[in-house]
Amino acid sequence: MREQITRRETLRRGLTATALLALAERAIPALAQSDTDVPFTDYPANFAVGGDGKPRRTFDHRTLDGMITPKDKFFVIQHYNQPEINPDTYKLKLTGMLRKPMELSLADLRKMRSTEMILGYECSGNRPAGFQALSSCGRFTGVPLRNVLNEAGVGSKAREVVFLGTDRGDQEVVFRQQTFKLSQQFGRSLTLENAMKPDPILVYALNGEPLTVPQGAPLRLIMPGYYGVCNPKWLSEIHLQEDRYLGNFQGRWYRSVVGVGGTGEDLDLNTQWIETEITRIHLKSSISRVKKAGNAHQILGFVLNDGTPLRSVEVKIGEGPWQKATMTPGSTKYSWKLFSYNWEGATPGEHTIVSRVTDEDGNVQPTVEELKRKKTFLEDNAQFPRKVKIG
Ligand SMILES: Nc1nc2c(c(=O)[nH]1)N[C@H]1C(S)=C(S)[C@@H](COP(=O)(O)O)O[C@H]1N2
Ligand SMILES: [Mo]
């Protein structure tokens, strides 16, 4: 069902806030009942998206039809196994610099005041080359992290909050000339300052249903506005410490290396190579689908970022000027934002179309060329020129 209703109509029908939200979640502007998809010609013939979530699932953006990604389409990815945890005997351990270290069952957590948020995120490896298929947006329910930390009483010296998953794998740890192969748990951390913000949630439900095993059941963290890797699944322990956490997925496997100044040649003496952690989602827009009804054409796409309000999304057809797209209502601070653009006078043949987003801080989504000084492929938020064929 695709439906758009006015405010007066809403009042007339006496819709509740929840019902209104439910409508907004689905509201992608409908072109006409009989619209069809204009095919992209940039997908290779053998390109496959999907999967059953075990071990992976990718989201096919050609099926994007609303704010909320259905649970069985939400992308799934992880590094090790997908542990199956009995929710009835599950305990979340709170350890380290706490006044009252404790263990909480799922029932204990469900008894605490819950919060619900529409959140979109992507894997930091999500990029044009993979047709943005490692991104989704859902309605998450759980307990604000800070309420749980306050319950356990944060010690005065604590500075770092470490999240450990139940999943483990054999990890090569290099120390100078030595390499150890160690069985390690997946781990990430937040600074205490970020952990105590109202945003991070200990999540137990997606789209109103308990998390499935691939999605991190029974409990995971979601840090709104941050890349997927910052959202540890199958949480077993939250550990508070004073020192920075340098685990593999915090300090080594996930980082960006960007050249600033100089020529950017590897050994150039005037280039600074800046190495940073993967945290906040870099401003990105991308075209997901093109629809056609009669002679009318409409371009649809999404924006992901760290929650900074947006100034504009623009679309460019071929060598034409940038033109303002329309934001679809119903987005939230941390949801993905959907946009549409009415493509007037589309002519038969193949066309290149691209979008770019600008936020209120003046950040503009970079071109491929402007990202060239990033050595590493994570955080690829480059503009994504697409090819479509009007029949
Ligand atoms: N425990 C655990 N959590 C994890 C991972 C993992 O390997 N182990 N992978 C992370 C990465 S890299 C991503 S992109 C997201 C994907 O979350 P999703 O599968 O729910 O979409 O999970 C994150 N959480
Ligand atoms: Mo990821």
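# Working chat: strands, cores and ligand 1

Me: How many bridges join strand 6 to strand 7, and which way do they run?
Reply: Strand 6 (residues 160-175) and strand 7 (residues 178-191) are joined by 13 bridges and run antiparallel. Bear in mind that this is a predicted model.

Me: Which residue stands opposite R168?
Reply: Q185 in strand 7.

Me: What about the turn of that hairpin? Which residue takes a positive phi?
Reply: R176 does, with phi near 55 degrees. The hairpin has 2 residues between strand 6 and strand 7.

Me: And how many bridges join strand 6 to strand 11?
Reply: There are 6. Strand 11 covers residues 235-241 and runs antiparallel to strand 6. Within that pairing, F163 stands opposite I238.

Me: What does I238 touch, away from its sequence neighbours?
Reply: Leaving out residues up to four places away, I238 touches L92, K93, L94, T95, L145, L149, V161, V162, F163 and L202. So F163, its opposite number across the strands, is on the contact list too.

Me: Core next. Which residues have the most contacts inside the largest nonpolar core?
Reply: L145, L202, I238, L240 and W336. That core has 68 residues. Its largest share comes from strand 8 (residues 201-206), which supplies 6 residues.

Me: What lies apart from it?
Reply: Another core, of 23 residues. Among them are L283, V303, A325 and W343. As background, nonpolar side chains in soluble globular proteins tend to be buried together.

Me: Switching to the ligand. Which residues come nearest to ligand 1?
Reply: F75, H79, D167, R220 and K233, out of 17 residues around ligand 1.

Me: Where do the polar atoms sit for F75 and K233?
Reply: For F75, a backbone N or O atom lies 2.6 Å from an oxygen atom of ligand 1. For K233, a polar side-chain atom lies 2.5 Å from an oxygen atom of the ligand. I77 also takes part through its backbone: one of its polar backbone atoms is 3.0 Å from a ligand oxygen.

Me: How much of ligand 1 does the protein bury?
Reply: It buries 100% of the 530 Å² that ligand 1 exposes when taken alone.

Me: Now Y226. Where does it lie?
Reply: Y226 lies in the loop between strand 10 (220-222) and strand 11.

Me: Buried or exposed?
Reply: Y226 is buried. Its relative accessible area is 8%, and the cut-off for buried is under 20%.

Me: What is Y226 in contact with?
Reply: Beyond its neighbours within four places, Y226 is in contact with Y121, L190, N194, N231, T279, R280 and I281. With N194 there is a polar contact between the side chains, at 3.3 Å.

Me: How far apart are Y226 and E122?
Reply: They are 104 residues apart in sequence. In space, the C-alpha to C-alpha distance is 8.4 Å.

Me: On to S285. Which strand is S285 found in?
Reply: S285 is in strand 14 (residues 284-293). S285 counts as buried, at 0% relative accessibility.

Me: Which side chains does the S285 side chain make polar contacts with?
Reply: Those of S355 and Q365. The S285 to S355 contact is 2.7 Å. The one to Q365 is 2.7 Å.

Me: What else is S285 in contact with?
Reply: Leaving aside neighbours within four places, the list includes F302, V303, F339, R356 and V357.

Me: What order do the strands take in the sheet with strand 14?
Reply: The order is 1-14-15-19-18, in an open sheet of 5 strands with antiparallel pairing. Strand 1 (36-37) and strand 18 (326-327) are the edge strands, and each pairs on one side only.

Me: How many bridges for strand 14 with strand 15?
Reply: 9 bridges, in the antiparallel sense. Strand 15 covers residues 296-304. A293 stands opposite A296 in strand 15.

Me: One more sheet. What is the order of the 4 strands in the other open one?
Reply: 17-16-20-21, with antiparallel pairing.

Me: Why is one side of strand 17 and of strand 21 left without a neighbour?
Reply: Strand 17 (323-324) and strand 21 (386-390) stand at the edges with a single partner strand each, so one side of each has no neighbour in the sheet.

Me: And how is strand 17 joined to strand 16?
Reply: By 2 bridges, with the strands running antiparallel. Strand 16 covers residues 310-317. E314 stands opposite K324 in strand 17.

Definitions and conventions:
Residues numbered from 1 in each chain as written. Chains lettered and ligands numbered in written order. Predicted model: local features only at pLDDT ≥ 70, side-chain atom pairs only at ≥ 80, totals over all residues. Heavy atoms only, no water. Core = buried A, V, L, I, M, F, W, Y, C linked by side-chain atoms within 4.5 Å. Buried < 20%, exposed > 50% of the residue type's maximum accessible area, 1.4 Å probe, protein only. Contact = heavy atoms within 4.5 Å. Pairing = 2+ DSSP bridges. Near = heavy atom within 4 Å. Polar contact = N/O pair within 3.5 Å; in protein donor to acceptor, adjacent residues only side chain to side chain. Areas by Shrake-Rupley, 256 points an atom, 1.4 Å probe, with all protein chains shown as cover.
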